[in-house]
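Open the model in your viewer and keep the selection box handy. We will go from one strand outward to its surroundings.

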Amino acid sequence: MGLDLRRFAVRTVYRLLLNYIDKNVYSPLTRLSSRRIQRSDMSRISKIKGFFDLFPPESTVYVFMEETARQMFARYAYQEIKIPILEQTELFARSIGLETDVVQKEMYTFQDRKGRSLTMRPEATAGVIRAYIDSPASGSGNVSRYFTAGPMFRYERPQKGRARQFHQVNVEMLGEDSAFADGEVLSMLWSYLQNLGLHKLNMQINSLGCAKCRPKFDAGLRKFLAGLDQNSLCTDCQRRAMSNPMRVLDCKSQGCREVASKAPLILDSLCTECRVHFRHVLEILENFNIDYELNPYLVRGLDYYQRTTFEVISADIGAQSAVAGGGRYDGLVRDLGGPDVPGIGFACGMERLALLLQNIQERPLDFYLAVLHQDAMEKAMILTQRLRGKGFHGEMGFQVKSIKSQLRSANKKNVKTCLLIGLDELKGGQVQVKDMSTGVQRAVSQEDVEQALGLNLKSRAENFVHH
Ligand code: HAM
């Protein structure tokens, strides 16, 4: 009897639990499915505003940017890492700052099935630091260099160079606060952009001071702003004047710009250590012939920066002109619960770089293998596989069609060489090799095809051509 009662009680609790889950967790989905989703509905589903699909040739440009980064940053001892797209909301609120536009207005935040607040990363730095703190590297006392690339999410008004899902190439160096570290990061960014073929860019740089000199400057700026007619500031800056006064300095609205032009500047308030550090960074840039411009109004939209901050600007892509931005964030690792490790990094906006890199194309395929008789299909497949194994890029046609139509397909694919196998070639152990640019065709034995294609194999990063 006692056992039955216990079983009844367990079953009742279990049923109540299922009811609760169904009502609170699954019900929004269930409601959606019963009202709106019907399997018989064949209408097309459109993509979300501000989100984009990337196909070649656009996607090729993204591969080019990532591959160039991968190759170049490895020379500076950077290691590529992968971190989650989804993080606890608190991570971004505590690092980027509660008062920033990103946290206030732009994050994709939602509750998971257990009611935890999660956010699609609006940038990578916070996630990299969270991962670094979780890793043994943070306690090693060594310099750590990380590179990561991938999608970020910000609910901004979409326009040219601004998307809601966009992509960044992101770099962080942790464990060194000397100006040499800043110099290395900045010169690597500059070389990267040059390696992409971008030479008409402008680097703007500023120092935001440190925990020692910044509070004094903030207090002075707050006092200056409080003494103004509040209507001279935009509504956002009326709020910022109290909560985050430095942001007023890089507001784009006309009234705020006029105010900023009369405001005190952080560069005049740097402590001796920050001044010496900044001067040294600028000297390194000069030594590397990096054409920088001092911009005392450059504040950046994320609260974690200290000392060196910078942006790279292009005059050729319209209003959203910053193709890269970054800076030093000493104190952030500690503020997120880790050891007191300094850091500096940057992120390049791939959508904006892509606007400047429209003429990148992937190297044409090395070969297209046209099969002219069904019996030759097997042999053709073995040969194709062998060539790919040797590093050649190519494809074979799966349908037996006329020579004319196969050559037309090969031409459309912009291949250098068309290989042809029919019954005669099958019997004779040969392949016809046709150079698509000259039209010259010759028969070679199947063993010699690699040689006929040319042994000039390139690494993947050399796989792109500027047009
Ligand atoms: P950020 O300036 O917010 O910095 O973003 C870096 C770059 O991402 C921008 O310069 C821009 O090219 C691109 N970007 C930002 N928002 C969008 C958007 N909505 N659409 C297209 N591109 C966009 C950061 O994210 C910092 N985490 C950089 C950093 C790394 N600082 C230190 N380490």
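**Start at one strand**

Select β11 and look at its two faces: Gly343, Gly345, Ala347 and Gly349 point one way, Ile344, Phe346 and Cys348 point the other way, and all are buried. Such alternation of side chains between the two faces of the sheet is what a regular strand shows. Buried means that 20 or more other C-beta atoms, placed from the backbone, lie within 10 Å of the residue's own (12 or fewer is exposed, in between is partly exposed). Strands are DSSP runs of E with at least two residues, helices are runs of H or I with at least four, and both are numbered from the N terminus. Because 7 of the 7 residues of β11 are buried, this strand is largely enclosed by the rest of the structure.

A word on the source: this is a predicted model, in which local features need pLDDT of at least 70 and side-chain atom pairs count only at pLDDT 80 or more, while totals for chains, interfaces and linings use all residues. Residues are numbered from 1 along each chain as its sequence is written.

**Add the neighbouring strands**

Now show β6, which runs antiparallel to β11 and is joined to it by 7 bridges; strands pair if DSSP finds at least two bridges between them. Click Gln168 to find its bridge partner in β11, Gly349. Then add β10, also antiparallel to β11, with 5 bridges between them. Here Gly327 has Gly345 as its bridge partner in β11.

**Move to the ligand**

Which residues are closest to the ligand? They are Glu123, Phe166, Gly325, Gly345 and Gly349, among 26 that surround the ligand (C-beta atom, placed from the backbone, within 6 Å). Elements giving two or more residues to this shell are β6 (165–174), β10 (322–328), β11 (343–349) and α12 (350–356). The most come from β10, with 6 residues.

**Visit the cores**

Next, select Met65, Val185, Leu189, Val248 and Leu353, which have the most contacts inside the largest nonpolar core, a set of 82 residues. A nonpolar core joins buried Ala, Val, Leu, Ile, Met, Phe, Trp, Tyr and Cys residues through C-beta atoms within 7 Å. Helix α6 (residues 179–195) supplies the largest share of this core, 9 residues. Finish with a second, separate core of 21 residues, including Phe367, Leu387, Leu420 and Leu426.
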